[in-house]
Amino acid sequence: MQTTTLDLRTGGEEVVHDLTRECERFVAGLGDGLLHVFVPHATAGIAIIETGAGSDDDLLAALGDLLPADDRWRHAHGSRGHGRSHVMPALVPPYASVPVDGGRLALGTWQSICLVDLNVDNAARRVRLDFLEG
């Protein structure tokens, strides 16, 4: 297994951050196998979605509807609605796996691998990439 980590700054606002290029660079030339993407944080997730055409904003809007940033959350430290960030990984899991064919991600035409982060209290994120040779 080959592994690398990405250290990212997501800023002070909710974000869908496209990781596809970094993932492509990591698997380039590695042959056939499986890329596993994992974010070891209790308040972030990994999604495979279309980006750049509004779907990333739609995802944030949908999560805002499902998980409002208000005072309903029992986990209440940090900014208003912070507890929702701890619930989000049940909906957007902290991992995704993508087949790799000949050193290239086997994504569909419009698919991107993205970090989803609603936590405006912690901008430092680490993403682990593992390549499992097949």
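Which exposed residues does the face of α1 turned away from its buried side carry? They are Arg21 and Arg25. This is a predicted model, and the notes below take you through its sheet, its helix α1, its salt bridges and two buried residues, Asp117 and Met88.

**The sheet**
- Five strands make up an open sheet, and their order is β1-β8-β3-β5-β6 with antiparallel pairing.
- At the edges sit β1 (2–9) and β6 (104–105), each of which pairs on one side only.
- Two bridges link β6 to strand β5 (residues 95–101), again in the antiparallel sense.
- Across that pairing, Val100 stands opposite Leu105 in β6.
- As a general reminder, the strands of a sheet pair through backbone hydrogen bonds, in either a parallel or an antiparallel way.

**Helix α1 and its two faces**
- Helix α1 covers residues 20–27 and lies across β1, β3 (33–38), β5, β6 and β8 (124–133).
- Relative to β8, helix α1 runs at about 35°.
- Thr20, Cys23, Phe26 and Val27 are the buried residues of α1.
- These four are on the same side of α1 because they cover an arc of only 125° around the axis.
- The general geometry helps here: an α-helix has 3.6 residues a turn, so residues three or four places apart point the same way.
- Arg21 and Arg25, both exposed, are carried on the face turned away from that buried side.
- Just after α1 comes Gly29, which takes a positive phi of about 80°.

**Salt bridges**
- Searching the whole structure turns up six salt bridges, and three of them are described here, including the one between Asp70 and Arg72.
- In the Asp70 to Arg72 bridge, the closest N and O atoms are 2.6 Å apart.
- Asp70 counts as buried because its relative accessibility is 17%, under the 20% cut-off.
- Its partner Arg72 is exposed, at a relative accessible area of 54%.
- Asp130 and Arg128 also meet through their side chains in a salt bridge, with an N to O distance of 2.9 Å.
- Here Asp130 is buried, with a relative accessible area of 6%, while Arg128 is partly exposed at 33%.
- A further salt bridge joins the side chains of Arg125 and Asp117 at 2.9 Å, N to O.
- In that pair, both Arg125 and Asp117 are buried.

**Asp117 and its surroundings**
- Asp117 belongs to strand β7 (residues 112–117).
- The relative accessible area of Asp117 is 1%, so this residue is buried.
- Besides its salt bridge to Arg125, Asp117 has a polar contact of 2.9 Å with the side chain of Thr10.
- The Asp117 side chain also reaches the backbone nitrogen of Asn119, at 2.9 Å.
- Setting aside neighbours within four places in sequence, the residues in contact with Asp117 are Thr10, Glu13, Glu14, Val15, Thr43, Asn122 and Arg125.

**Met88**
- You will find Met88 in the loop between α3 (83–87) and β5.
- Met88 is buried, its relative accessible area being 0%.
- Not counting residues up to four places away in sequence, Met88 touches Thr43, Ala44, Gly45, Leu63, Leu67, Val116 and Leu118.
- Thr43 appears in the contacts of Asp117 and in those of Met88.
- Met88 and Val27 are 61 residues apart along the chain, and their C-alpha atoms are separated by 28 Å.

Definitions and conventions: Residues are numbered from 1 along each chain as its sequence is written. This is a predicted model: local features need pLDDT of at least 70, side-chain atom pairs count only at pLDDT 80 or more; totals for chains, interfaces and linings use all residues. Side-chain values use heavy atoms; hydrogens and water are left out. A salt bridge is a side-chain nitrogen of Lys or Arg within 4 Å of a carboxyl oxygen of Asp or Glu. Buried means under 20% relative accessible area, exposed over 50%, partly exposed in between (1.4 Å probe, protein chains only). A polar contact is a pair of N or O atoms within 3.5 Å; within protein, one must be able to donate a hydrogen and the other to accept it, and residues adjacent in sequence count only if both atoms are side-chain atoms. Contact means heavy atoms within 4.5 Å. Two strands pair if DSSP finds at least two bridges between them. Axes are lines fitted to C-alpha atoms, for helices over the stretch in contact, and angles run from 0 to 180 degrees between N-to-C directions. The arc is that of the directions from the helix axis to the C-beta atoms.
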